[in-house]
Amino acid sequence: MTTVTTSAPKTETSAGAASDKDTAWKPKIVAFLCNWCSYTGADLAGVSRLKWSPYVRVIRVMCSGRMDPTFVLEAFRKGADGVIVSGCHPGDCHYVEGNYKAMRRVHLIRRLLIDYGVDPRRLKLTWVSASEGDIWAEVTNEMAETIKSLGPLRLEK
Amino acid sequence: MSESAEKQSSDPAPAAAKPKLALYWAASCGGCEIAVLDIEEKILDVAANFDIVFWPVAMDFKTKDVEAMEDGEITLCLFNGAIRNDDNEYMAKLLRRKAKVLVAFGSCACEGCIPALSNATSKKETFDWVYHKSPSTDNAEGVEPQIKTKVNGFDLELPKFWETVRSLDQIVDVDYYVPGCPPQAHQIWAVLETVIDILKNGKPLPPKGTVLGAGQKTVCDECPRTREEKKIKKFFRPHEIIPDPDKCLLDQGILCMGPATRDGCDARCPSVCMPCRGCYGLPPNSRDQGAKMISALASVIDSEDPEEVDKILDGIVDPIGSFYRFSLAKATLGRKLTQRPETPQAQPQLEEVAK
């Protein structure tokens, strides 16, 4: 209870300005990152205290090639407005060719999204290595901007 | 004499107590009904073991006959067809009440099938085409079906046409599924035989939700063609290529849904050089037939260059219709966006990927 009372004035002080902000729609972006490059890269972005979009939720997979198309579709179905798939740079895959498979899947899923009337920019594919924390920050910020401009994805079930 | 005559007339009593069978079609083509007759002379065994109480395509029973029955009076109802209007919904709910065991029979009832392809468009677009734009339409006054109309002073009511086509289990509780477009005759008989065995010999029912009359693997597992390591450089539509009679069709670049389709059909289409279209629905342990196919295809396209990949993918002319030809009602993403369509880009952002 005490925490509620102490935190109450805090929200009230910012309430005037922030009430709109709090109720405003915020994009939900799900990111599937490979264990060996991109997840480590995102970790580096955090350790380096880089500012990257708070709208991105990270899910670690062993390889971007592990990213089953069902994951992407399921993410959209469950309320994601955008999905990022990120793996090692071409040629650097820990499992030799998993990232190429991810690339081909993303290309094909985008075509399916177009058929669904969903903007294909909602699915982004990037390559981020373990040393590219800054690029990860850039990718997420860019994606957040794209999704904000597209607005919420309201699937009809 | 009269006594024995009475006895005789009462003799058929056990026959009248035969389990009751109903067959119904909702949004379907009628192929499933024909498929039931494809079991040939065994249909006589069906008649011998069941009392057919409702089968609009073949026998003269009316909806009110079903309405008059007790709840649960029908032992088995084979329901084919998707649900795409109010009437389909009413009949699905009615038969669910009256039947002890309701079976989604055929791809339409299981997963939406061809009728559900209209989920890739909208009701408005469908009506525009059917009643106005199609070349064979002669409709100068622009008449469209109305739910209520007055004809010669009488009120005529038509069932409401839905925006989205549904599978049977999205409307009512379904006990078992028999996939296929249509289910193959030998599988239908296998299912009916199982049911008769259960009824006669008191065998336990399979667990609810079981897919009957189908296998536990994929079409590839029963396909007689020889498979090698797949490397696809170009996709061909069936009319663009004369396929090798013995080699895997997908190996030859023909979009065959075998890897993402449940077996049970004896791989009939690939056996005669036609690619599998996916009518037996999604294989066991998967959630989305289209996603499974995308996954399989992406693994075998033979290119690591994004631009070349896109060129190869251009050979798939209708992704949603190819990957979900029979399962769009059950697709993860649901139906096409209609309320607030986004402006789809002609081409995915390739430069961005290449980076």
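Here are some questions and answers about a predicted model that contains chains A and B.

Reader: Glad to be looking at this with you! How many helices and strands are there in chain B?
Author: Happy to start there. Chain B has 355 residues, and 40% of them are buried. Its C-alpha trace spans about 95 × 60 × 35 Å along the principal axes. As for the elements in chain B, there are 15 helices and nine strands.

Reader: Among contacts in chain B between residues at least 6 apart in sequence, what share joins residues at least 24 apart?
Author: A contact here means that two C-beta atoms, placed from the backbone, lie within 7 Å. Taking the chain B contacts between residues at least 6 apart, the share that joins residues at least 24 apart is 73%.

Reader: How far apart do the C-alpha centres of domain 1 and domain 3 of chain B lie?
Author: Chain B is divided into domain 1 (16-115 + 166-201), domain 2 (121-162) and domain 3 (215-333). Domains 1 and 3 of chain B touch, with 14 residues from domain 1 and 11 residues from domain 3 in the contact. The distance between the C-alpha centres of these two domains is 30 Å.

Reader: Which helix gives the most to the side of domain 1 of chain B that touches domain 3 of chain B?
Author: That side of domain 1 of chain B divides into five nonpolar, seven polar and two charged residues. The element that gives the most to it contributes three residues, and it is helix H7 (residues 107-111) of chain B.

Reader: Why do the buried residues of H6(B) lie on the same side of the helix?
Author: Helix H6 (residues 86-98) of chain B has 13 residues and reaches 18 Å from its first C-alpha to its last, close to the 18 Å expected. Its buried residues are B:Asn88, B:Met91, B:Ala92, B:Leu95 and B:Lys98. They are on the same side of H6(B) because the arc they cover around the axis is only 135°.

Reader: Which residue stands opposite B:Val103 in E9(B)?
Author: Let's reach it by way of strand E5 (99-105) of chain B, one of the elements that the buried residues of H6(B) pack against. E5(B) is mostly covered, with five of its seven residues buried. E5(B) runs parallel to E3(B), joined by five bridges, and also parallel to strand E9 (residues 176-178) of chain B, joined by three bridges. In E9(B), the residue opposite B:Val103 is B:Tyr176.

Reader: Which element of chain B do the buried residues of H3(A) pack against?
Author: The buried residues of helix H3 (residues 69-77) of chain A are A:Pro69, A:Val72, A:Leu73, A:Ala75 and A:Phe76. They cover an arc of only 155° around the axis, so they sit on the same side of H3(A). Within chain A they pack against strand E1 (29-34), strand E3 (82-87), helix H4 (98-115) and strand E4 (123-127), and the element from chain B is H12.

Reader: How many residues does H12(B) give to the side of chain B that touches chain A?
Author: Across the two chains, 35 residues of chain B are in contact with 33 residues of chain A. The elements giving two or more residues to the chain B side are helix H12 (289-300), helix H13 (306-313) and helix H14 (319-323) of chain B. That side divides into 18 nonpolar, nine polar and eight charged residues. H12(B) gives the most to it, and its contribution is seven residues.

Technical notes:
Residues numbered from 1 in each chain as written. Chains lettered and ligands numbered in written order. Predicted model: local features only at pLDDT ≥ 70, side-chain atom pairs only at ≥ 80, totals over all residues. Helix = DSSP H or I, 4+ residues; strand = E, 2+ residues; numbered from the N terminus. Nonpolar A, V, L, I, M, F, W, Y, C, P; charged D, E, K, R; others polar. Domains from an automatic or database assignment. Expected span 1.5 Å × (residues − 1). Buried ≥ 20, exposed ≤ 12 C-beta atoms within 10 Å, placed from the backbone. Arc of directions from axis to C-beta. Pairing = 2+ DSSP bridges.
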